[in-house]
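Open the model in your viewer and keep the selection box handy. We'll go from the whole chain to single side chains, one stop at a time.

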Amino acid sequence: RSLGKKMIPFSCPRSWFYLTDTCYELGHTWCPSCTRSAIEIFVTCLTEALKIYAPLYLISDILSRRSPKAFITGTVPYIIRSSIFLGINGGGFITFICLLRKLTGRFYLYSSAYVPALVASLLAILWERKSRRGMLTTYVCSIALETLYRMLRFRSYIPSIPYGEVLIFCIASAPLVLAHRSKGLHDAIGDILSLLFTPRIPGADQLLKRLSVVQPKGWKLAATKIALVSVWSFTIGYVFQAVIGSLSSWSKLMRQPRKIKNYLINAYNLKFAMFLATFAGGYKAMNSILHALPVSRNVRILLAAAVAGLSMGTIRSTTIALYALTKAIDVMYCDAAKRGLVWRWYYGDVILYSIATALIFHCMFFESHNLRPAYIDFLDRLTGKRIREINYRRIDAFGTQASRWWTAERTDRD
């Protein structure tokens with residue numbers, strides 16, 4: 001083992017290098033039993049997932065005005081199924097790490113994390129409902145794209161792009177808004193855009209009707225529409241972010257109710273609200289200006305949406321920008337498939353989810369410093385803070401600087 005460690009930098013590719021440590025010494029250091037460790041991670045992920053999914057499904061049902069009977073008979077099974085999905089993803093990861101170690105007797109670079117995560121993710125996404133697979137794939141692919149970019153930038157293969165998230169969001173906004181205006185976006189993103197562009201302020205319809213009678217195509221009518229959309233989007237953004245922030249920390253609020261003020265009134269809520277207001281209002285304003293130019297409807301929508309994408313400068317969120325880009329690629333591919341320009345990729349969401357999640361888990365195992373810090377916190381909370389107990393100092397032998405992020409000493413083994 002020591003000979004292999006000395007040889008890795010000089011004589012053999014990193015992927016050929018291996019460790020002969022047991023899975024207890026390298027992976028589940030908190031428990032010597034593989035079975036108990038896998039079950040513990042499965043139960044922990046299941047429990048944390050229930051805390052995540054229950055409030056989200058509950059809010060969705062309240063907004064949809066579903067009956068209590070529909071919640072019990074329909075929503076509760078969905079919550080349990082989605083929670084088991086995350087449990088399989090986490091528990092399966094530990095299970096296949098141990099299985100591959102027992103089959104090969106060694107830990108290789110890719111058999112340590114990527115292959116176990118690939119198989120566990122495949123089983124997990126096949127368990128999940130088909131209606132949720134596309135949304136999950138889009139989300140995970142956006143994180144995988146960011147992770148891949150961080151890995152390449154860390155290796156100095158590509159440079160850092162100033163205001164890259166703003167540029168990405170401008171590019172992604174154009175096809176998404178065009179698909180929405182063309183009635184081709186029938187999912188959560190379409191619902192969000194409909195909510196932003198259609199203000200439901202009391203008395204707004206009567207005001208617009210009076211202005212349209214007095215001056216059908218005047219600047220006052222256009223300015224009023226822009227103002228109403230901006231105010232409505234600002235309100236929606238602030239309330240949404242405040243509610244989500246409070247619900248995500250409800251256990252802390254139960255112990256310290258006074259801290260709810262910190263979640264209801266903070267700078268990020270204001271930034272998020274400004275982002276939505278400038279996006280929706282900017283789109284309406286640019287669309288009104290382009291109406292005076294001799295351009296086609298689709299070109300007008302594309303240009304207005306791209307300019308509205310500059311609103312990303314108010315929040316600078318790589319997460320939102322990459323999610324929008326991934327969703328835009330998905331929308332364009334599906335549209336091209338309907339037109340017969342590209343082939344239909346059956347079970348593409350299952351394959352993409354498995355590959356993307358495996359990349360994220362592999363990065364978490366070997367290069368945590370290249371993973372989004374917020375996502376590391378999410379995985380840490382999801383596993384009951386077990387991922388910090390992995391023997392990253394031993395994994396450093398692969399030359400990936402695995403322990404760079406984890407500065408604290410690993411918990412001693414029994």
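Before you select anything, a word on labels: helices (H or I, at least four residues) and strands (E, at least two) are DSSP runs, numbered from the N terminus. This is a predicted model, so local features here need pLDDT of at least 70 and side-chain atom pairs count only at pLDDT 80 or more, while totals for chains, interfaces and linings use all residues. Residues are numbered from 1 along each chain as its sequence is written, and side-chain values use heavy atoms, with hydrogens and water left out.

**The whole chain**

Start with a cartoon view: you have 18 helices and two strands. Next, colour by burial, where buried means under 20% relative accessible area, exposed over 50%, and partly exposed in between (1.4 Å probe, protein chains only). Of the 414 residues, 43% count as buried. Now switch on a surface; areas come from the Shrake-Rupley method with a 1.4 Å probe, and for residues only the protein chains shown count as cover. The total is about 22,600 Å², with 65% of that belonging to carbon and sulfur atoms. As for contacts (heavy atoms within 4.5 Å), take those between residues at least 6 apart in sequence: 74% of them join residues at least 24 apart.

**Into the core**

Select F85, F93, M364, F365, L371, Y392 and I395. In the largest nonpolar core, which has 56 residues, these touch the most other members. A core here is a set of buried Ala, Val, Leu, Ile, Met, Phe, Trp, Tyr and Cys residues joined through side-chain atoms within 4.5 Å. Helices that each supply at least two of its residues include α3 (34-64), α4 (68-104), α16 (348-366) and α17 (373-382). Which helix gives the largest share of this core? That's α16, with 11 residues.

Zoom in on I395. Leaving out residues up to four places away in sequence, I395 touches L26, F365, F366, I390, T400 and A402. Then pick F275, A280, A304 and A328, which belong to a second, separate core of 31 residues.

While you're on F275, add N269, found in helix α13 (residues 267-290). N269 counts as buried because its relative accessibility is 2%. Beyond residues up to four places away in sequence, N269 touches Y238, Q241, A242, Y263 and L264.

**Charged pairs**

Time for salt bridges: a side-chain nitrogen of Lys or Arg within 4 Å of a carboxyl oxygen of Asp or Glu. The count comes to 14.

Select D21 and R394, whose side chains meet at 3.1 Å, N to O. D21 lies in the loop between β1 (18-19) and α2 and R394 in helix α18, so this pair ties together parts 373 residues apart in sequence. Both D21 and R394 are buried.

Next up are D187 and K327, with their closest N and O atoms 2.4 Å apart. This salt bridge also links distant parts of the chain, 140 residues apart: D187 is in the loop between α7 (164-181) and α8 (188-197), and K327 is in helix α15. D187 is partly exposed at 23% relative accessible area, whereas K327 is buried at 10%.

Then try R388 and D380, another salt bridge at 2.4 Å, N to O. R388 is partly exposed, with a relative accessible area of 41%, while D380 is buried at 6%. Add E40, R386 and E389 too: salt bridges that share partners join them into one network.

**Out on the surface**

Select L122, L126, Y333, W343, W345, Y346, Y347, I351, L352 and I355. Together they form a nonpolar patch with about 1,000 Å² of accessible area. Patches are made of residues with over 30% relative accessible area and no salt bridge; like charges are joined within 9 Å, and nonpolar side chains (Val, Leu, Ile, Met, Phe, Trp, Tyr) within 5 Å. Both α5 and α16 supply at least two residues each, and α16 gives the most, with three. Click on L126 in helix α5; L126 is partly exposed at 41% relative accessibility.

Now pick V342, in the loop between α15 (318-338) and α16. Is V342 buried or partly exposed? At 30% relative accessibility, V342 counts as partly exposed. V342 touches Y333, A336 and A337, not counting residues up to four places away in sequence.

**Last stop**

Finish just after α6, at S156, where phi is positive at about 65°.
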